Amino acid sequence: MITGACETGSFVKPILNFIDGKFVRGKREFADVNPADGSVIAQVAEADENLVDDAVQAARKALNGEWGRRGIRERAARLHKVADAIESRFDCFVNAEVADTGKPVTLASRLDVPRAAANFRVFADAIKMAGVESFQTETPDGTRALNYAIRKPLGVIGIVIPWNLPLLLLTWKVAPALACGNTVVVKPSEETPATATLLAEVMQEAGIPHGVYNVVHGFGPDSTGEFLTKHPDVNAVTFTGESRTGAAIMKAVAPSVKPVSFELGGKNAAIVFADCDFEETLDGLSEAVFLNTGQVCLCAERVYVERSMFEQFVEALKHKAEKLRQGAPSEQTTELGPLISAQHRAKVLSYYKLAHEEGATVVTGGGVPEFGNVLDKGFYVQPTIYTGLAESARCVKEEIFGPVCHVAPFDSEEEAIVMANDTEYGLAASVWTTNLKRGHRVAQSMNAGITWVNCWFLRDLRTPFGGVGLSGIGREGGMHSLNFYSELNNICIRL
Ligand code: NAD
Ligand code: 6OD
């Protein structure tokens, strides 16, 4: 074992950077903390500006090496080997992700790690099927030509990701980038460095050449994140995280005019009509509000319920929330883990306080659970439901990113649409109704990149994924990812 990442979920210290096929220390280290009990899991080697430059140069060199020369079939075969290697170390990835994020082991096992393998398989297959445009051209004077485009790699891709679904979101970007023949330098969140480093071991096992996949650890501003995104030899930046951070990265990339793909924050709405399937909607919305302790960019923090069933629905959702089992992430029975950090808990609790000040009625929660054991040192909060806030309240407008929602009644379809769309964000929405026409109609009125009808977070990796407004720029998924990570060169041949 080279990196410090392990088979059992504990770490041989420290977690290292991975540059040009080698695991590398930095001049400084920072602590990786287990959010379930506040203990230090490992020290992490921080990359300074020189190490970030080494990683970018290694990635540049690798572009022109073996990886660049390999054809699509060979690259795709390697990416399937990466997926195989993730699957063969399934428990190791699960344990590392659970220790870093505090998410329930059942969630990491059913979502994060299987999706990591699936990301590699889907994009390995997609690149083999990807066509490009061609046109038979005839100008007004009768000249004929053939136009066709060819797909080339963009170059070195800087990848910056958050802590909520670290491996899922990392591989969602690395897999299509590599499929298109690029090389990558990855900056995982400082909160969750482990699985990106484990993936480096997997890359070695799968025979991905040195310099193709590089990992640099550290923070955002004045640190690794900024060094990477502003680096002039990085050809494109793909980022998932807060909208504010997206704005800072946009400034950093401006001088070298790089393409960006941004998947940012959300304040997502769910609209529940009285004609919905009550139990199905309750189950779906409970997931949409509380999955991953509400730390999914797609989570519904604003729920609009038709007035005729408002009281009944709020009562039933309260009952669901109160039954959720909070506990140690490693327990099979745990449904709700802690928030990611003490700092993030302070932010979420500041919104719980603000909700009081803004005049909310607390339906359930609003505080911190007590366990009477070591978990009291973790960063847990209670699942929380509010009603009674004005639509203009900050708690209804701003992304909280915790296990919390505000539920408000509506009287007509038109009113529900106006309320749902009254946001600067526009990532995801969900509509719950058994009326097929209404489902289509309302979904098509949503000002959001993704709308689910009678489901939530049901993913087909070929579909366009991304947001409008403060929720992002561009779309990833299927051909959209392949087009972002490719440079299309047009060739015009006079016939
Ligand atoms: P964040 O923006 O604070 O950090 C994300 C990453 O950016 C981290 O690796 C961080 O170190 C780095 N970073 C911070 N400042 C930087 C800078 N100036 N330059 C370069 N890098 C910098 O986000 P977070 O707190 O880790 O994640 C939560 C946020 O991510 C929420 O807003 C959530 O909605 C959003 N998110 C969006 C999606 C999506 O698909 N739209 C998915 C997951 C999370
Ligand atoms: O499922 C995906 O592909 C994806 N990008 C999910 C993002 C979730 C946000 O937290």
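The lining of the largest pocket in this predicted model takes at least three residues from each of two domains, domain 1 (5–264 + 470–494) and domain 2 (268–460). Its volume comes out at about 960 Å³. A total of 34 residues line the largest pocket, and the ones nearest its centre are W163, E190, G241, E242 and T245.

As for secondary structure, four elements each put at least two residues into the lining of the largest pocket: the helices α8 (224–229), α9 (243–253) and α12 (342–357), plus the strand β10 (236–240). Of the shares in that lining, the largest belongs to α9, with five residues. Sorted by class, the wall of the largest pocket is a mix of 13 nonpolar, twelve polar and nine charged residues.

Next comes the second largest pocket, which holds about 430 Å³ of space. Its lining is made up of 22 residues, with R110, S286, E287, L324 and E335 lying nearest the centre. Two or more residues apiece are given to this lining by α5 (105–129), α10 (278–290) and α11 (310–323). Here α10 gives the most, again with a count of five residues. The class breakdown for the second largest pocket reads eight nonpolar, seven polar and seven charged. And where does the second largest pocket lie with respect to domain 1 and domain 2? It sits between them, because domain 1 (5–264 + 470–494) and domain 2 (268–460) both give residues to its lining.

That leaves ligand 2. The residues around ligand 2 are R115, N164, L165, L169, W172, E263, V296, C297, L298, F457, R459 and F465. Some of these neighbours also come up when polar atoms are paired with the ligand's oxygen atoms. On the side-chain front, R115 places a polar atom 2.8 Å from an oxygen atom of ligand 2, while an N or O atom in the side chain of N164 is 2.7 Å from an oxygen atom of the ligand. With C297, it's the backbone that takes part: a polar backbone atom of C297 is 2.8 Å from an oxygen atom of ligand 2. How much of ligand 2 does the protein bury? Taken alone, ligand 2 exposes 310 Å², and 99% of that is buried by the protein.

Note on methods:
Residues numbered from 1 in each chain as written. Chains lettered and ligands numbered in written order. Predicted model: local features only at pLDDT ≥ 70, side-chain atom pairs only at ≥ 80, totals over all residues. Heavy atoms only, no water. 1 Å grid on protein atoms, 1.4 Å probe; cavity = no way out; pocket = protein on both sides within 12 Å on 5 of 7 lines; lining within 4 Å. Points joined across faces, edges and corners; volume = space filled by probe spheres on them. Nonpolar A, V, L, I, M, F, W, Y, C, P; charged D, E, K, R; others polar. Domains from an automatic or database assignment. Near = heavy atom within 4 Å. Polar contact = N/O pair within 3.5 Å; in protein donor to acceptor, adjacent residues only side chain to side chain. Areas by Shrake-Rupley, 256 points an atom, 1.4 Å probe, with all protein chains shown as cover.
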